[in-house]
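Reader: I have a new model to look at. Please walk me through the rings and the core.

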Amino acid sequence: PTHQDGTCNGLQHYAALGGDKAGAAQVNLEPSDRPADIYTAVANAVIEEVNRDSEAGNPVAKMLQGKITRKVVKQPVMTNVYGVTFFGAKAQVKKQLMEIFPDLPRHGEVNYGNLSVYVATKIFKSLGSMFTGAQAIQVWLGACALLACRQSK
């Protein structure tokens with residue numbers, strides 16, 4: 001038994017299994033002068049995308065500019081390796097956005113649904129680029145599970 005907390009343990013395991021050096025550094029499996037924080041790294045990647053899209057005139061991105069925090073991305077990042085679906089990640093993000101924007105209208109171009117879909121998409125994209133080996137293993141394990149289920153019928 002180890003009585004120490006890891007850094008996003010699921011991603012640590014996937015990064016190690018996949019030989020994912022860049023991902024390993026994000027979850028403190030590589031030596032470093034300072035501890036890495038994957039949640040802040042993903043938040044920063046999402047913020048960059050939001051800023052770029054905002055400059056291009058995207059109204060959803062404009063609404064989100066300056067509002068993306070570590071807390072907004074943490075739960076979807078943490079649960080990604082445990083099989084959170086896009087629908088689940090969207091719901092997790094929506095919960096955080098409801099705290100940030102308590103009076104957002106239900107309909108129109110900028111609403112909780114559009115904001116949460118946008119942010120969840122950016123989170124998944126960021127994780128995919130930071131953890132290429134880990135993501136490849138997840139896809140492979142999913143394909144294996146599908147094959148096993150088909151053959152057990």
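Author: Start with Phe124. This is a predicted model: local features need pLDDT of at least 70, side-chain atom pairs count only at pLDDT 80 or more, and totals for chains, interfaces and linings use all residues. Residues are numbered from 1 along each chain as its sequence is written, and side-chain values use heavy atoms, without hydrogens and water.

Reader: Is Phe124 buried, exposed or partly exposed?

Author: Buried means under 20% relative accessible area, exposed over 50%, partly exposed in between (1.4 Å probe, protein chains only). Phe124 has a relative accessible area of 23%. Phe124 is therefore partly exposed.

Reader: Which residue forms an aromatic pair with Phe124?

Author: Rings of Phe, Tyr and Trp (its six-membered ring) pair if their centres lie within 6.5 Å; planes under 30 degrees apart are stacked, over 60 edge-to-face, the rest tilted. Here the centres are 5.9 Å apart and the planes 90° apart, an edge-to-face pair. The partner is Phe86.

Reader: How many residues apart in sequence are the parts that this pair ties together?

Author: Helices are DSSP runs (H or I, at least four residues), numbered from the N terminus. Phe86 lies in α6 (residues 86-100) and Phe124 in α7 (residues 112-130). So the pair ties together parts that are apart by 38 residues.

Reader: Which helix supplies the largest share of the largest nonpolar core?

Author: Such a core is a set of buried Ala, Val, Leu, Ile, Met, Phe, Trp, Tyr and Cys residues joined through side-chain atoms within 4.5 Å. The largest has 37 residues. The largest share, 8 residues, comes from α3.

Notes:
Helices (H or I, at least four residues) and strands (E, at least two) are DSSP runs, numbered from the N terminus.
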